[in-house]
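Subject: The two-chain model, and a tour of it

Hi there,

Here is the structure I promised to pass on to you. Have a look at it first, and then read on for what turned up in it.

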Amino acid sequence: MELVVFLIAGALSIIGALGLILFRNPMHSVLSLVLSLFAVAVLFLNQDAQFLAAVQVIVYAGAIVVLFLFVIMLLGVDQSEDLSVEPIAGQRPIALAIGAAILVLAVLFATSAPDGGVTGAMAVTAEKVDSITGTTRSATAALPDNQVDGRELDPNIDQLGRSLFTDYVFAFEVTALLLTIAVVGAVLLARKPKGELAPLPQPPTKAAAAPPSDETSELNEREDA
Amino acid sequence: MELTSTWYLVLSAILFSLGATGLLVRRNPLIMFMCLELMLNAVNLTFVTFGNELNDLGGEISVFFVLVVAAAEVVVGLGIVVAIMRRRSEATADDLSVLRG
């Protein structure tokens, strides 16, 4: 059952990621990103992380994606990007090569070591891990004794909440500070300044990025050869 | 066949490299942001996988903080994009080069 869920959700997330890259219209890209995020939320559920699945849907699909949609619609940038021109010669082959290299390295890491590249001891053997990271012992110690090896016995959200407000409370507070700074920064950036806006200087790459059409085709031919 | 955590790790590797490729290929700053979100999501998936495998809550706590940082980053990044678009209607990643001091 879990395998079936994994296969379906994994396929959907990959389809969504491909759509995000390949769609020309930003609106379609956002929608396929939503598909991918939902599929990852299902994968979280498949791994007993119920709270994170809910947060994934609420924060990502509910807040972040809506923010993207707002910006796209508000600014009228829904014109399609012409994917057939390649402004920087050789950008796409190099990008594909780097992407393939990342994929190969990550898959090698994931499959080479036994147990999926897990290097540390199980966190239940608290002392070993604790001397290195200092975090895991408290995370497991927060659980009641009878539930240490059966995480499905007590609600996921219980453990997360207890852990977040005891062991990680300082990081939690710093997070609040970060969010406040982000809000202040966003307000500052989006505020309409008084008076006329000074025109932005044209970037020097602008002229080079839009060469005459014959030169572009020449570049493309060179790419093909 | 049995579902092991390696499957999840391979899937998140695929998602991460797709996001990285998109970030490098696309020139619309909004799409680049979304590819960044996709990469963060792939990493979140590995966090949850390892947390599940090691029976440790630390993975899920990390995902929680990554989510918060991603939200803050999107807010500020989209603010910058809006501020740039207000002055120039079309914008690619090249236009953001005027941000240098």
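Read along the sequence, chain B follows the pattern α-α-α. That is three helices, with zero strands. Please keep in mind throughout that this is a predicted model.

Buried residues account for 59% of the 101 residues in chain B. If you take the contacts in chain B between residues at least 6 apart in sequence, 44% of them join residues at least 24 apart.

Chain A is built from helices too: it has 11 of them and zero strands. From the N terminus on, its elements run α-α-α-α-α-α-α-α-α-α-α. Of the 225 residues in chain A, 22% are buried. Among its contacts between residues at least 6 apart in sequence, 46% join residues at least 24 apart.

Where the chains meet

How many residues does each chain bring to the contact? Chain A gives 79 residues and chain B gives 69. On the chain B side, α1 (5-25), α2 (29-53) and α3 (58-87) each supply at least two of the residues that touch chain A. The largest share comes from α3(B), with 22 residues. Sorted by class, the side of chain B that touches chain A has 44 nonpolar, 15 polar and 10 charged residues.

Two helix pairs across this contact are worth a look, and both involve α3(B).

Start with helix α9 of chain A, residues 169-190. The axes of α9(A) and α3(B) come within 8 Å and cross at roughly 10°. An angle under 35 degrees counts as roughly parallel, so α9(A) is roughly parallel to α3(B). On the α9(A) side, the residues that meet α3(B) include A171(A), T175(A), L178(A), A182(A), G185(A) and L189(A). Among their counterparts in α3(B) are F65(B), V69(B), A72(B), V76(B), G79(B) and A83(B). By class, this contact has 16 nonpolar, three polar and no charged residues.

The second pair is α3(A) with α3(B), whose axes come within 11 Å and cross at roughly 5°. That makes α3(A) roughly parallel to α3(B) as well. From α3(A), the contact takes in L52(A), V55(A), V59(A), A63(A), I64(A), L67(A), V71(A) and L75(A). From α3(B), it includes E60(B), V63(B), L67(B), A71(B), V74(B) and L78(B). The residues of this contact divide into 16 nonpolar, no polar and one charged.

Helix α2 of chain A and what follows it

Why does the span of α2(A), residues 26-46, agree with what its length predicts? At 1.5 Å a residue, its 21 residues should span 30 Å, and its end C-alpha atoms are indeed 30 Å apart.

One residue to pick out in helix α2 of chain A is V42(A). With 18 other C-beta atoms within 10 Å, V42(A) falls short of the 20 needed to be buried and is therefore partly exposed. Leaving aside neighbours within four places in sequence, V42(A) is in contact with V5(A) and A9(A). The C-alpha atoms of V42(A) and F6(A) are separated by 8.3 Å, although these residues are 36 residues apart along the chain.

Just after α2(A) you will come to D48(A). It sits in the loop between α2 and α3 (50-75) of chain A. Most residues other than glycine have a negative phi. D48(A), however, has a positive phi near 65°, and it is a residue other than glycine. D48(A) is partly exposed, with 15 other C-beta atoms within 10 Å.

Helix α4 of chain A, a helix with two faces

Helix α4 of chain A covers residues 91-112. Its 22 residues reach 31 Å from first C-alpha to last, close to the 32 Å expected at 1.5 Å a residue. Which residues of α4(A) are buried? They are G99(A), A106(A) and A110(A). Seen down the axis of α4(A), these buried residues fall within an arc of 40°, so they line one face of the helix. The face turned away from that buried side carries the exposed residues P93(A), A97(A), A101(A), V104(A), L105(A), L108(A) and S112(A).

Enjoy exploring it!

Best wishes

Key: Residues numbered from 1 in each chain as written. Chains lettered and ligands numbered in written order. Predicted model: local features only at pLDDT ≥ 70, side-chain atom pairs only at ≥ 80, totals over all residues. Helix = DSSP H or I, 4+ residues; strand = E, 2+ residues; numbered from the N terminus. Expected span 1.5 Å × (residues − 1). Contact = placed C-beta atoms within 7 Å. Nonpolar A, V, L, I, M, F, W, Y, C, P; charged D, E, K, R; others polar. Axes fitted to C-alpha atoms, helices over the stretch in contact; angles between N-to-C directions. Parallel < 35°, antiparallel > 145°, perpendicular 65-115°, else oblique. Buried ≥ 20, exposed ≤ 12 C-beta atoms within 10 Å, placed from the backbone. Arc of directions from axis to C-beta.
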